[in-house]
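Open the model in your viewer and keep the sequence panel visible. This tour goes from one selection to the next and says what is there each time.

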Amino acid sequence: MARQGLDRLDGRMLRLLRERPRDGLLEIARQLGVARGTLQARLDRLTGSGVVTGYGPDVNVAALGHVVEAFTTFEVDQPARAAIAARLRAVPQILEAHIVTGPGDIWCRIAGTSNQHVQQVIDHVLEVPGVRRSTTVIALSAVIPYRVQPLVDDLAGLPGNPDAGPG
């Protein structure tokens, strides 16, 4: 499904699309010094191979009033994982969920309007058959918010941020 590598033009194109998402493809092609058709073909290839997965705006949930971010692991009965995952998808405050190794079985990132709201979300999940217990930590601040561009730059052989650490 996914490509194994990116060339420099792919990397530069993806960087510009992330930095200037409102610029049109014609403008980005001009900045890169390539034909619009070349850019479109590369973007279509990256989308078709699963590398590019979306074009929507990034949304700051804190600006929407969900100012508390929590990371919760749920210990679950293993045969119930699929049913539990389906129930988790129905909870809008669960931003992401992953099956993990270690003491917790399912890791969730939860957004809430307050600590009490996060507690209500957790209590709701704990009512799901097969969910045994939870462990939660509240995020105080994001040292590194979710990002992919440094990895894209590294894979494409582009110079990155010198503060980004080892490549």
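Begin by selecting β1 and β3, which pair in the antiparallel sense over seven bridges. Keep in mind throughout that this is a predicted model. To check the register of the two strands, pick Thr-73 and look across to β3, where Trp-107 stands opposite.

**The sheet**

Now add the remaining strands. Which strands lie at the edges of the sheet? Four strands form an open antiparallel sheet, and their order across it is β2-β3-β1-β4. The edge strands are β2, residues 94-99, and β4, residues 131-138, each of which pairs on one side only. Turn the view to look along the sheet: on average, neighbouring strands are turned by 20 degrees against each other, direction ignored.

Select β1 with β4 next. These two strands are antiparallel and pair over seven bridges. One residue pair to display here is Glu-75 and its bridge partner in β4, Arg-133.

On the other side, select β2 with β3. Five bridges join this antiparallel pair. Show Glu-96 with its bridge partner in β3, Arg-109, and then Ile-99 with its bridge partner in β3, Ile-106. Between β2 and β3, the hairpin has six residues, and in this hairpin Gly-102 takes a positive phi near 105 degrees.

Before leaving the sheet, colour β3 by accessibility. This strand is mostly covered, with five of its seven residues buried.

**The largest nonpolar core**

In soluble globular proteins, nonpolar side chains tend to be buried together. To see a case of this grouping, select Phe-74, Ile-84, Leu-88, Ile-94, Cys-108, Ile-110 and Val-131. They belong to the largest nonpolar core, which has 18 residues, and they touch the most other members. Which elements supply at least two residues each to this core? They are β1 (68-76), α4 (81-89), β3 (106-112) and α5 (115-126).

Zoom in on Leu-88 and show what surrounds it. Leaving aside neighbours within four places in sequence, Leu-88 is in contact with Ile-94, Ala-97, Ile-106, Cys-108 and Val-125.

Apart from this core lies another one, of 16 residues; Leu-9, Leu-32, Leu-39 and Leu-43 are among them.

**Two buried helix residues**

Select Ile-28, which has its place in helix α2, residues 25-32. Is Ile-28 buried or exposed? Ile-28 counts as buried because its relative accessibility is 0%, and the cut-off for buried is under 20%. Not counting residues up to four places away in sequence, Ile-28 touches Leu-16, Leu-17, Arg-20, Asp-23 and Leu-39. For a sense of scale, draw a distance from the C-alpha of Ile-28 to that of Ala-85: the two residues are 57 apart in sequence and 40 Å apart in space.

Move on to Arg-42 in helix α3, residues 36-48. With a relative accessible area of 18%, Arg-42 is buried too, because buried means under 20%. Its contacts, leaving aside neighbours within four places in sequence, are Asp-7, Leu-9, Asp-10 and Met-13.

**A loop residue**

Follow the chain out of α3 and select Val-51, which is found in the loop between α3 and β1. Val-51 has 32% relative accessibility and so counts as partly exposed, a class that lies between 20% and 50%. Draw a second distance, from Val-51 to Gly-5: these residues are 46 apart along the chain, and their C-alpha atoms are separated by 10.0 Å.

**The largest pocket**

For the last stop, turn on the surface. How much space lies in the largest pocket? The answer is about 1,700 Å³. The pocket is lined by 43 residues, and those nearest its centre are Arg-18, Asp-58, Tyr-146, Arg-147 and Val-148. Several elements give two or more residues to the lining: α1 (8-19), β1, β2, β3 and α6 (149-156). Finish by selecting α6, which provides the largest share of the lining, four residues.

Technical notes: Residues are numbered from 1 along each chain as its sequence is written. This is a predicted model: local features need pLDDT of at least 70, side-chain atom pairs count only at pLDDT 80 or more; totals for chains, interfaces and linings use all residues. Side-chain values use heavy atoms; hydrogens and water are left out. A nonpolar core is a set of buried Ala, Val, Leu, Ile, Met, Phe, Trp, Tyr and Cys residues joined through side-chain atoms within 4.5 Å. Buried means under 20% relative accessible area, exposed over 50%, partly exposed in between (1.4 Å probe, protein chains only). Contact means heavy atoms within 4.5 Å. Two strands pair if DSSP finds at least two bridges between them. Axes are lines fitted to C-alpha atoms, for helices over the stretch in contact, and angles run from 0 to 180 degrees between N-to-C directions. On a 1 Å grid over the protein atoms alone, a cavity is a set of points where a 1.4 Å probe fits but cannot get out, and a pocket is an open set with protein on both sides within 12 Å along at least five of seven lines; lining residues have an atom within 4 Å of a point. Grid points are joined across faces, edges and corners, and a volume is the space filled by probe spheres set on the points.
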